[in-house]
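I opened this model to take notes on its fold and on a few backbone details. The entries below follow the order in which I looked things up.

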Amino acid sequence: LAAESMVLLKNSGATLPVAGDVRRIALMGPMADNRADLMGSWWGQGEAGDVVTILEGVKAEFAGKARIDYVKGCDFDGGDRSEFARAAAAARGADLVVLCMGEKRNWSGENASRASLALPAIQEEFVREMARMGRPVVVLLSSGRPVDVRGVEPAADALVEIWQPGTEGGSAVAQLLSGKVNPSGRLAITFPVCAEQQPVYYNQRQAARPKSGRYQNLQHEPMYPFGYGLSYTTFEYGTVRLDRETLRRGERLTAEVEVSNCGAMDGKETVMWFVSDPTASISRPVRELKHFEKQFIPAGESRVFRFEIDPVRDLSFPDHTGKRLLENGAFYLHVNGQKVKFELI
């Protein structure tokens, strides 16, 4: 279950899953052999002693396949660089470098978050230094919230948000690295470029002046948008089809789309259905998520995803008194870049 929520954010040159010719892995970072912080800020009844660390999980997963060289390298914060040289030597001798970075469990949570979204400078410096060793670099990022990744993303060949995965987090990470698990997680929250870009979220209200309110020296789009997530395989979407283009109150409209796994690996795909209302009596969100579904699709096969639109549930909205309004007019259904118009009459 922990692996289901992990999100593959970057995978340049198909660095992951780990190839069979990788015989030596350098595993480093403050989260690599850490139990308590892998539990996260809402550990409930979890016990740190029950946690499978990333180091333990990777050693078990790659036993007999690859040698694991562990060096902590740096702490979560501070300025201690005493292990940089030893870490660099391990990285130079490895086929793959896996860096386990992130936030301590008490760095986010209720009344607990740090003001900055960026990783401490020592972690960013360590990632950049290891990348200079010339080996493929995978960054595993553990956090309880979105993180400013500008200081590490350019140096990473692959980047995985593992969140705060709990007691079996190390096993889940290892199976994702090896390819035993194909990542299928999607971001449930937007990752901004930096804290100063906030607020930035997918369902913002439509603006009368769409190009106003933008920074001069910062991109308008977030680093990773809501719903983003990569896979080790490739999914292709067919044309979205509606069983009708108009519907009346009390009726329902069914939309469907066929999704094909065109890659070489079995995988799970999540289809997300968004609705927008461009002609409402008050300004409505640019789009709103109304339904999502994840299905397992074997390599070379296809599955049909369906969404039944209920006008009262999916098209109405509250007015200033809290009373729900259902207004006639045009609506749009958005699926994976496709935009299909229908009308409530």
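**Entry 1: Asn-111 and Asn-336**

I began with Asn-111, which is exposed because its relative accessible area is 82%, and the cut-off for exposed is over 50%. I note that the model is a predicted one. I placed Asn-111 in the loop between strand 4 and helix 5, the helix of residues 121-131. Its phi is positive, about 55°, although Asn-111 is not a glycine.

I then turned to Asn-336, another non-glycine residue with a positive phi, here about 50°. Asn-336 sits in the loop between strand 16 and strand 17. I checked its cover as well: the relative accessible area is 52%, so Asn-336 counts as exposed.

**Entry 2: the strands around Asn-336**

I looked at the two strands that this loop joins. Strand 16 (residues 329-335) and strand 17 (residues 338-344) run antiparallel and are joined by seven bridges. I picked out one bridge, in which Phe-331 has Phe-342 of strand 17 as its partner.

Which sheet do strands 16 and 17 belong to? I found them in an open sheet of five strands, in the order 9-17-16-11-12, with mixed pairing. Its edges are strand 9 (246-247) and strand 12 (288-297), each of which pairs on one side only.

**Entry 3: Leu-325**

I moved to Leu-325, which belongs to strand 15 (residues 324-325). Is Leu-325 buried, partly exposed or exposed? I have it down as partly exposed, because its relative accessibility is 24% and the buried class ends under 20%.

I listed the contacts of Leu-325 without its neighbours within four places in sequence: they are Ser-316, Phe-317 and Asp-319. I also took a distance from Leu-325 to Asp-157. The two residues are 168 apart in sequence, and their C-alpha atoms are 48 Å apart in space.

**Entry 4: strand 1 and strand 6**

I went back to the start of the chain. Strand 1 covers residues 7-11, and five of its five residues are buried. Strand 1 pairs with strand 6 (residues 158-161) in the antiparallel sense, over four bridges. I noted one pair by name: Val-7 has Glu-161 in strand 6 as its bridge partner.

**Entry 5: helix 6**

I checked how well helix 6 is covered. Helix 6 spans residues 169-178, and seven of its ten residues are buried. I wrote down the buried ones: Gly-169, Gly-170, Ala-172, Val-173, Ala-174, Leu-176 and Leu-177.

What covers the buried residues of helix 6? On the helical side I found helix 1 (2-5), helix 2 (36-39) and helix 3 (54-61) among the covering elements. The strands that I found there include strand 4 (96-102), strand 5 (137-142) and strand 6. Just after helix 6 comes Gly-179, with a positive phi of about 95°.

**Entry 6: cis peptide bonds**

I recorded two cis bonds that lead into prolines. The bond from Leu-16 to Pro-17 is cis, with omega near -5°. Pro-17 lies in the loop between strand 1 and strand 2 (24-28).

The bond between Gln-198 and Pro-199 is also cis, with omega about 0°. I located Pro-199 in the loop between helix 6 and strand 7 (235-237).

**Entry 7: the whole protein**

I finished with the overall values. The protein has seven helices and 17 strands. Its C-alpha trace spans about 70 × 45 × 45 Å along the principal axes.

How does the radius of gyration fit a compact globule? For 345 residues I would take a value near 20 Å for such a globule, and the protein has 23 Å, which agrees.

I noted that 48% of the 345 residues are buried. Of the contacts with a separation of 6 or more, 72% are between residues 24 or more positions apart. The exposed area is about 16,600 Å², and carbon and sulfur atoms supply 47% of that area.

Last, I counted charges. There are 42 positive and 44 negative side chains, and the centres of the two sets lie 3 Å apart.

How values were computed. Residues numbered from 1 in each chain as written. Predicted model: local features only at pLDDT ≥ 70, side-chain atom pairs only at ≥ 80, totals over all residues. Heavy atoms only, no water. Helix = DSSP H or I, 4+ residues; strand = E, 2+ residues; numbered from the N terminus. Rg over C-alpha atoms; globule rule 2.2 N^0.38 Å. Buried < 20%, exposed > 50% of the residue type's maximum accessible area, 1.4 Å probe, protein only. Contact = heavy atoms within 4.5 Å. Areas by Shrake-Rupley, 256 points an atom, 1.4 Å probe, with all protein chains shown as cover. Lys, Arg positive; Asp, Glu negative; His and termini not counted. Charge placed at Lys NZ, Arg CZ, Asp CG, Glu CD. Pairing = 2+ DSSP bridges.
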